[in-house]
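Reader: I would like to go through this structure and ask how each label is earned. Please set the values against the definitions as we go.

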Amino acid sequence: MKQLWPRGRTHIAAVIGYPIEHSVSPQMQNAAFVDLGIDWCYVPFSVHPDNLPEAVQGMVALGIKGFNATIPHKQALLSLVDELTPAARAIGAVNTVAIRPEGLLGHNTDAEGFWAALLEAGYIPGKRRALVLGAGGASRAIVYALLSQGYQVRIANRTTARAEELAETMRSVNSQVSVEAIPLATETLDSASKGVDLIVHCTSMGMHPKEGTTVWPEDLAFPTEAFLFDLVYNPTETRLMQQARSVGAQVSNGLGMLVHQGAAAFELWTGRRPNVKRMYEACCSAMEAAK
Ligand code: NAP
């Protein structure tokens, strides 16, 4: 495969975060540019939150075509773009910006990335009843995606007030279905998991460096009928995934969501569909190299 190096006419895309060192997006996006043979390059920038407005203005001045944003910039970008997509507005976070002559478009590709990854993992929508574990930044995109797809959603979170707040904000996404908050406790999980066909894990439990920890009580059997989508991808197999596998439930980790949210951003900037398989391979090699 031919490696392309940036030149005067190369289109530049970027990712900003603080920190940014851990991001595998540069390897993933650059592999997809090389695969298509298009003259693009993706560059990571560590941007302190105090410098975000100047960094955005700087990217416009430098002719950068678009950028991704990760922690802690996703909310602050809402007020720094000219236009928001309905997804970014409802989720309350921007993870992708397209810099266009007419202005900056703020989008959020996490919801579509999640849905694409879920279907790719073999999940077949059934009763459309889901249980979401966690109510942080990531679960906002998941709840938005599920409500948009007509799911009845229950959100269980350690801090119940945060789940209630999320349910309240998301209620307007789809008035045809219900969204409610429940405490993250054995009894409530037991009753809430009956009859659900999808459980989405959105907490940081089980994620590196908390390998081996799980949000699901060890003394509560995971529901056999439910498909588990775990947003965690490092490690690739979490304790929660093992709990679900042990009762024969179908499971997926969150790598597909990372890849598909990146693929959606790639398409927004370039107008081309990337080679998703190549993006997976690049992520896996980058994560392996980081060990
Ligand atoms: P966040 O905003 O910091 O939220 C963290 C969530 O974890 C909150 O719901 C928090 O509950 C819960 N939590 C933390 N420690 C807990 C504990 N000991 N027991 C029970 N709950 C606990 O983080 P985030 O950005 O939403 O990310 C959540 C996870 O999703 C991370 O593992 C992240 O890597 C993953 N993620 C994956 C993708 C992907 O593309 N696959 C994208 C984004 C995020 P409280 O509200 O009670 O604190």
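Author: Ala, Val, Leu, Ile, Met, Phe, Trp, Tyr, Cys and Pro count as nonpolar, Asp, Glu, Lys and Arg count as charged, and the others, including Gly, count as polar. Sorted this way, the shell around the ligand has 12 nonpolar, eight polar and three charged residues. Note that this is a predicted model.

Reader: Which residues come nearest to the ligand, and what makes a residue count as near?

Author: A residue is near if one of its heavy atoms lies within 4 Å of the molecule. There are 23 residues around the ligand, and Ala 138, Asn 157, Arg 158, Thr 159 and Arg 162 come nearest. Helix H5 (137–148) and helix H9 (255–270) each supply at least two residues of this shell.

Reader: What makes the pair formed by the ligand and Asn 157 a polar contact?

Author: The cut-off for a pair of N or O atoms is 3.5 Å. An N or O atom in the side chain of Asn 157 is 2.7 Å from an oxygen atom of the ligand, so the pair is within the limit and is a polar contact. The backbone takes part as well: a polar backbone atom of Ala 135 is 3.0 Å from a ligand oxygen, and a backbone N or O atom of Leu 258 is 3.3 Å from a ligand oxygen. As for cover, the ligand taken alone exposes 920 Å², and the protein buries 78% of that.

Reader: Why is Ser 139 called buried?

Author: Buried means under 20% relative accessible area. Ser 139 has a value of 0%, so the label buried applies. Ser 139 is found in helix H5. Leaving out residues up to four places away in sequence, Ser 139 touches Val 132, Gly 134, Leu 166 and Cys 202.

Reader: Why is Gly 103 also called buried?

Author: The relative accessibility of Gly 103 is 13%, which is under 20%, so Gly 103 counts as buried. Gly 103 belongs to strand E6 (residues 103–107). Apart from neighbours within four places in sequence, Gly 103 is in contact with Asp 82 and Ala 98. The C-alpha atoms of Gly 103 and Glu 83 are separated by 7.6 Å, with the two positions 20 residues apart along the chain.

Reader: Why is Ala 69 called buried?

Author: Ala 69 has 6% relative accessibility, under the 20% limit, and therefore counts as buried. Ala 69 lies in strand E3. With neighbours within four places set aside, Ala 69 is in contact with Ile 16, Lys 74, Leu 77, Val 94 and Asn 95.

Reader: Why is Arg 128 called partly exposed?

Author: Partly exposed is the range between 20% and 50%. Arg 128 is at 29%, so that label fits. Arg 128 is found in the loop between H4 and strand E7 (129–133). Its phi is near 55°, a positive value in a residue other than glycine. Most residues other than glycine have a negative phi.

Reader: What covers the buried residues of H4?

Author: The cover includes helix H3 (86–91), H5, strand E10 (198–201), strand E11 (227–230) and H9. The buried residues of helix H4 (residues 110–120) are Asp 110, Ala 111, Gly 113, Phe 114, Trp 115, Ala 117 and Leu 118. Just after H4, Gly 122 takes a positive phi of about 105°.

Reader: How many aromatic pairs does a search of the whole structure find? And why is the pair of Phe 114 and Phe 229 called edge-to-face?

Author: The search finds seven aromatic pairs. Ring centres must lie within 6.5 Å to pair, and planes over 60 degrees apart count as edge-to-face. The centres of Phe 114 and Phe 229 are 5.3 Å apart and their planes are at 85°, so this pair is edge-to-face. The pair links distant parts of the chain, with Phe 114 in helix H4 and Phe 229 in strand E11, 115 residues apart. Both Phe 114 and Phe 229 are buried. Elsewhere, Phe 33, Trp 40 and Phe 266 form one aromatic cluster.

Reader: Which residues does a cis peptide bond join?

Author: One joins Ile 71 and Pro 72, with omega about 10°. Pro 72 is in the loop between strand E3 (66–69) and strand E4 (83–84). Another runs from His 208 to Pro 209, with omega near 5°. Pro 209 is placed in the loop between E10 and E11.

Conventions
Residues are numbered from 1 along each chain as its sequence is written. This is a predicted model: local features need pLDDT of at least 70, side-chain atom pairs count only at pLDDT 80 or more; totals for chains, interfaces and linings use all residues. Side-chain values use heavy atoms; hydrogens and water are left out. A polar contact is a pair of N or O atoms within 3.5 Å; within protein, one must be able to donate a hydrogen and the other to accept it, and residues adjacent in sequence count only if both atoms are side-chain atoms. Accessible areas come from the Shrake-Rupley method with a 1.4 Å probe; for residues, only the protein chains shown count as cover. Helices (H or I, at least four residues) and strands (E, at least two) are DSSP runs, numbered from the N terminus. Buried means under 20% relative accessible area, exposed over 50%, partly exposed in between (1.4 Å probe, protein chains only). Contact means heavy atoms within 4.5 Å. Rings of Phe, Tyr and Trp (its six-membered ring) pair if their centres lie within 6.5 Å; planes under 30 degrees apart count as stacked, over 60 as edge-to-face and the rest as tilted.
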